[in-house]
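Here is a set of short questions and answers on one protein model. Keep the sequence and the structure open as you read.

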Amino acid sequence: MLQFNTVIIGSGAAGYAAADRLLSFGIKNIAMLTYSRNAGTSRNAGSDKQTYYKLSCTDEDSAVKMADALSFGGGMHKDTAFIEAANSMRCFNHLVEYGVPFPTDNYGRFVGYKTDHDNARRGTSAGPLTSKYMTECLEKNVLSNKAFTLLDETAAIRIVTENNRAVGLIALQKNGSSYRLLPIQAKYVIAATGGAATVYKNTVYPDSQAGAFGLLADAGCKFCNLTEWQYGIASLGVKWNLSGSYQQVIPTYYSVDEKGTKTEFLNSVFKNAAEVCDNIFLKGYQWPFDSKKIHASSKIDLAVSREKAKGHRVYMDYRNNPDGFDFEKLGDTAKEYLLSAGADGKTPFDRLSKLNPQAIAFYKSKGIDLSAQPLEIAVCAQHINGGADVDLNWQTSVENLFAVGETAGTFGIYRPGGSALNSTQVGALRAAEYISRSKADFSDEYLIYKALWDESDYLEKCRNCLNDLADYSENMSVYAAENRNLDEISALKEKLKKQCALKYYYLSDENYETILNLYRYRDTLKTQFMLCCAFTEILPETGSRGGAICTYHGVQIEENEYYRDFAVLTDHKNKSSFVPLRKISDLNYSFEAEWNRFNNERGITLV
């Protein structure tokens, strides 16, 4: 049996940030489990310029103002928002010192821009691969520390608990052409497994991202805001967010039917060509689908989904302007933005070459030349704003089990673009600080061995089972994404309930990948069922809001704004309820009182 002070599950920006902080606080004997070291969203996802959201260096800003922006749409605890705001520059500067190339002006200020759902210039970027740079810089520092152990090709399949306290886990480890089950004892467990990426068929999550909401649910974790997601237009084949510059250069949207007929379908959605072009441009700022913009830029998302529902293929084309395009007739916002960037070329590709050549280079690196071919697109799941319910130290409802990054449900109904990257660093910092002050002991080893025997017995029963694996991800995309049909979701929930009840599934062979896929399937199925339970229970109350519209018996349910002052809490029995949002406590404190509290918590004696 292996024994560690802290085990981190996941090798992305959140996981490595947690390891880095723990090591800096003097914690020894840390392990990281990852089913594949180079997998996951942090290393393999991005956009035109992937945003990191922090306090502004170019505007008059404060942590209170940023907390207001983070939580403005409702559903987010204000004290959590304040922590993410107050610690944003500390975490951002830490990354800068590690070598993440965020740009500065001639004065050394970190320049910024406005991002989704925010009116201040808090967004910054190191390019299309910001989170990849973050992960690599943190990883480089962590791997050089002898107190850290990386267990690659090792997947957590069960978190072991006792009296609602995490005490270790069982891992599936690749062993040559086969596998072995690995018992691990730990004082603390940090889940940094990212979002629930396998729930939907249409998703911009990279193929190597899985998520582990089911793993946490099996451990007894409560969840927060499972109803809140973010969907947006993305390319298929090469999964990539088509936000920002990709829209601001005003490409052509068209569909192709089964006969090969091309149609610029947005012409039938908006009043005229100028309105088409202006809303495509605004889609850059307003990339996520927004139920409040279904009569404006989010009309585009709904139109794309309607074309897909007809069986048509949908494309964005940078070679040609939309029908009726006239640069001089663009709205002032679009025209001034493009002119200021010198991006007033004749075609969308010409404009993109000036506005953001890296956006072109990314697709070129994947074998796609935007000057010669279109991009096939769909409205895709990109981010879940909900996740494991955590406290102000990012500890879940299970003692000594923490959730950081997108695994944690800290984002509320809306989230400014780039706030997820900040959350990876702040959540990791808070969890590490708490662990460094805590005094947990190891549990009885028997608990870990008992869990090991249970998993061995489970796999033996699967070997003798005839049940097949059924895929429900396409139905989730059609009925439970940005356009949610409660009648269909209710029917889907019953199918998922029956599939979850089967428990055992046929294994075609016994290698690492097959067993890993079995556990991923179970996790996906459980997560889909959790989501459908939350959707059917909560959406009739909240109505259409945030990243989705909701219909029941063919009628759209309007938003009930009353519920913005609550978060949605889902327990281990899939029962959801509303809990009031926490506020920021009084900030007019005594310095001496806070100084003494700080020193006492950390055992600091002043001489």
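Q: How many helices and strands are in the protein chain?
A: This is a predicted model. The protein chain holds both kinds of element. The count is 19 helices and 22 strands.

Q: Which radius of gyration does the protein chain have, and what would a compact globule with 607 residues have?
A: A compact globule with 607 residues would have a radius of gyration near 25 Å. The C-alpha trace spans about 75 × 70 × 50 Å along its principal axes. The radius of gyration of the protein chain agrees with the globule value, at 24 Å.

Q: What percentage of the 607 residues of the protein chain count as buried?
A: A residue counts as buried under 20% relative accessible area. The protein chain still exposes about 24800 Å², and carbon and sulfur atoms supply 47% of that area. Of the 607 residues, the buried share is 58%.

Q: Among contacts between residues at least 6 apart in sequence, what percentage join residues at least 24 apart?
A: The contacts considered here are between residues at least 6 apart in sequence. Those that join residues at least 24 apart make up 74%.

Q: How many Å apart are the mean positions of the positive and negative charges?
A: The protein chain has 67 positive and 72 negative charges. Take the mean position of each set. The two are apart by 2 Å.

Q: In what order do the four strands of the open sheet lie?
A: Strand 9 joins strand 16 through two bridges. Strand 9 also joins strand 21 through two bridges. Strand 21 pairs with strand 22 over five bridges. The pairing is antiparallel, and the order is 16-9-21-22.

Q: Which strands stand at the edges of this sheet?
A: An edge strand here has a single partner strand, so one side of it is left without a neighbour in the sheet. The two strands at the edges are strand 16 (387-388) and strand 22 (576-580).

Q: Which residue in strand 22 is the bridge partner of Leu569?
A: Start at strand 9, residues 223-224. Phe223 has Ala388 as its bridge partner in strand 16. Cys224 has Leu569 as its bridge partner in strand 21. In strand 22, the bridge partner of Leu569 is Ser577.

Q: How many of the five residues of strand 21 are buried?
A: Take one side of strand 21: Phe566, Val568 and Thr570 are buried. On the other side, Ala567 and Leu569 are buried. Strand 21 is largely enclosed by the rest of the structure, because the buried count is five of the five.

Q: Which residue in the turn between strand 21 and strand 22 has a positive phi?
A: Most residues other than glycine have a negative phi. Strand 21 and strand 22 form a hairpin with five residues between them. The turn residue with a positive phi of about 65° is Asn574.

Q: Where is His117 found?
A: His117 is not a glycine, but its phi is positive, about 60°. Helix 5 (88-98) and strand 4 (123-125) flank its stretch of chain. His117 is found in the loop between helix 5 and strand 4.

Q: Is Lys503 buried or partly exposed?
A: Lys503 has a positive phi near 70°. Its place is in the loop between helix 17 (486-502) and helix 18 (512-542). Its relative accessible area is 47%, so Lys503 is partly exposed.

Q: What is the relative accessible area of Lys308?
A: Lys308 sits in helix 10, residues 299-309. Beyond four places in sequence, Lys308 touches Leu236, Val314, Glu376, Ile377 and Ala378. Lys308 is partly exposed, and its relative accessible area is 28%.

Q: Does Asn599 count as buried or exposed?
A: Asn599 lies in helix 19, residues 591-601. Not counting residues up to four places away, Asn599 touches Ile604 and Leu606. Its relative accessibility is 6%, so Asn599 counts as buried.

Q: What is the relative accessible area of Gly168?
A: Gly168 is found in strand 7, residues 166-175. Leaving aside neighbours within four places in sequence, its contacts include Arg158, Ile184, Val189 and Ile448. Gly168 is buried, with a relative accessible area of 0%.

How values were computed
Residues are numbered from 1 along each chain as its sequence is written. This is a predicted model: local features need pLDDT of at least 70, side-chain atom pairs count only at pLDDT 80 or more; totals for chains, interfaces and linings use all residues. Side-chain values use heavy atoms; hydrogens and water are left out. The radius of gyration is taken over C-alpha atoms; the globule rule is 2.2 Å times the number of residues to the power 0.38. Buried means under 20% relative accessible area, exposed over 50%, partly exposed in between (1.4 Å probe, protein chains only). Contact means heavy atoms within 4.5 Å. Accessible areas come from the Shrake-Rupley method with a 1.4 Å probe; for residues, only the protein chains shown count as cover. Lys and Arg count as positive and Asp and Glu as negative; His and the chain ends are not counted. The place of a charge is taken as NZ of Lys, CZ of Arg, CG of Asp or CD of Glu. Two strands pair if DSSP finds at least two bridges between them.
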